[in-house]
Amino acid sequence: MLILGIESSCDETGVALVRDGHEVISNALASQAEVHARFGGVVPEVAARQQLMAFIPVLEVALAQAGVDWNGIDAVAATYGPGLAGPLLVGLTAAKSIAFARGLTFLGVNHLEAHLYANWLHRQGEPHHAPHFPVLSLLVSGAHSELIVIREHGRYALLGQTRDDAAGEAFDKVARMLGLSYPGGPSIQRSAATWPIDQPLPVKVPRAWLRGTNDFSFSGVKTYIANLLRNPDHPPIAAIAAAFQEAIVDVLATKTVAAAKAIGAAEVVLAGGVAANVALRERLESDLRRLHISLRAPRIEWCTDNAAMIAGAAYYHLRRGESSDLSLDVLPSLALPLAQA
Ligand code: KG4
Ligand code: ZN
């Protein structure tokens, strides 16, 4: 089954073609990050307009890369939430129009579920085996920080979540305080990497452990760093960036490892934009190796928003005979449908 996936929930326009939920045939993306960088964050109206301008060119690239014509495509899937209403509307309307015009099956996809399914993707010609259930997933993006158990396709149970800021939100806000560019995750990672490995960090950022729970809290870190910066003799920016990243990674990794042990996870998977963080990937990989649990993380380009993951997640719904009506509207605060743990 060849599925055309469309992603437009925020500031990335993506169109991809994926076969049977795992084989990525093409994956085109236009990022608006530069447009929003001078505002220090995403401006929703600007994002919607940029989506409109980028959609057709990105679609053309995805089709050309794949070398298929419309007759080879079986279904069209697009994100319908969560995300920004205006940007979502562009991709969803495009998907419905294509489905209507070509007489194709249409499916609305939950963006959060799609992030998880990035772990089922592989490139054409690469060997692949699907994750083994039960899967413990750490979903960390700009708006979400959640520990979710997946016992079978489509069945999600929430183990823990952030009580305030999401991990990506903390990266973005702290980057802004440090004078680093938007998006904050990659710029903090770059700045932290300039701090010499053999030199001890002159600052330690406190962790909120919330012991006895699988929950996270990242808002205290912001206050701590704001206070630090108030002192004109504060440590170098690279040292603060490294200490901040270390604190976030420490909490995420420690809690993920504990939850993986508790549920007897066969595999741990990372998902969402923060999963692109190299320090997080390395730390979890080595902590889990000691427990003989394997870690899976999507390729970096499939961690942040993209359309391959949309087409990937769509497959498992379409395979069960599900589809959406063309009257489906965007749902900016859509949540992951949850089952009992
Ligand atoms: O999944 P995503 O692309 O969009 C949402 O659905 O939210 O995640 C975006 C978030 C941003 O907060 C960004 O700063 C963060 O992911 N991010 C990173 C890295 N790359 C992106 N955070 C830490 N390290 C990175 N390398
Ligand atoms: Zn996302």
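This passage describes where ligand 1 sits in a predicted model and then turns to some backbone features. Residues are numbered from 1 along each chain as its sequence is written, and chains are lettered from A and ligands numbered from 1 in the order in which they are written. Because the model is predicted, local features need pLDDT of at least 70 and side-chain atom pairs count only at pLDDT 80 or more, while totals for chains, interfaces and linings use all residues; side-chain values use heavy atoms, with hydrogens and water left out.

A good place to start is the ligand. Ligand 1 is surrounded by 19 residues (those with a heavy atom within 4 Å of it), and the closest are Gly142, Asp172, Gly185, Gln189 and Asn277. Polar contacts, here pairs of N or O atoms within 3.5 Å, are made by several residues. From Gly142, a backbone N or O atom lies 2.8 Å from an oxygen atom of ligand 1. Gly273 also places a backbone N or O atom 3.0 Å from an oxygen atom of the ligand. Asn277 uses its side chain instead: one of its N or O atoms is 3.0 Å from a nitrogen atom of ligand 1. Taken alone, the ligand exposes 560 Å², and the protein buries 88% of that (Shrake-Rupley areas, 1.4 Å probe).

Which elements give two or more residues to the shell around ligand 1? They are helices H4 (111–117), H5 (167–177) and H6 (184–193), where helices are DSSP runs of H or I with at least four residues, numbered from the N terminus. H6 gives the most, with four residues. By class, the shell has five nonpolar, twelve polar and two charged residues, with Gly counted as polar and Asp, Glu, Lys and Arg as charged. Ligand 1 lies between domain 1 (2–121 + 302–339) and domain 2 (135–297), because both give residues to its shell; the domain bounds come from an automatic or database assignment.

The backbone has some features of its own. Most residues other than glycine have a negative phi, and most peptide bonds are trans. A cis peptide bond, with omega about -5 degrees, joins Gly81 and Pro82, and Pro82 is in the loop between strand E4 (75–81) and helix H3 (85–102); strands are DSSP runs of E with at least two residues. Another cis bond runs from Tyr182 to Pro183, with omega near -5 degrees. Pro183 belongs to the loop between H5 and H6. Finally, Leu210 has a positive phi, near 45 degrees, and lies in the loop between H6 and helix H7 (219–230).

Methods:
Polar contact = N/O pair within 3.5 Å; in protein donor to acceptor, adjacent residues only side chain to side chain.
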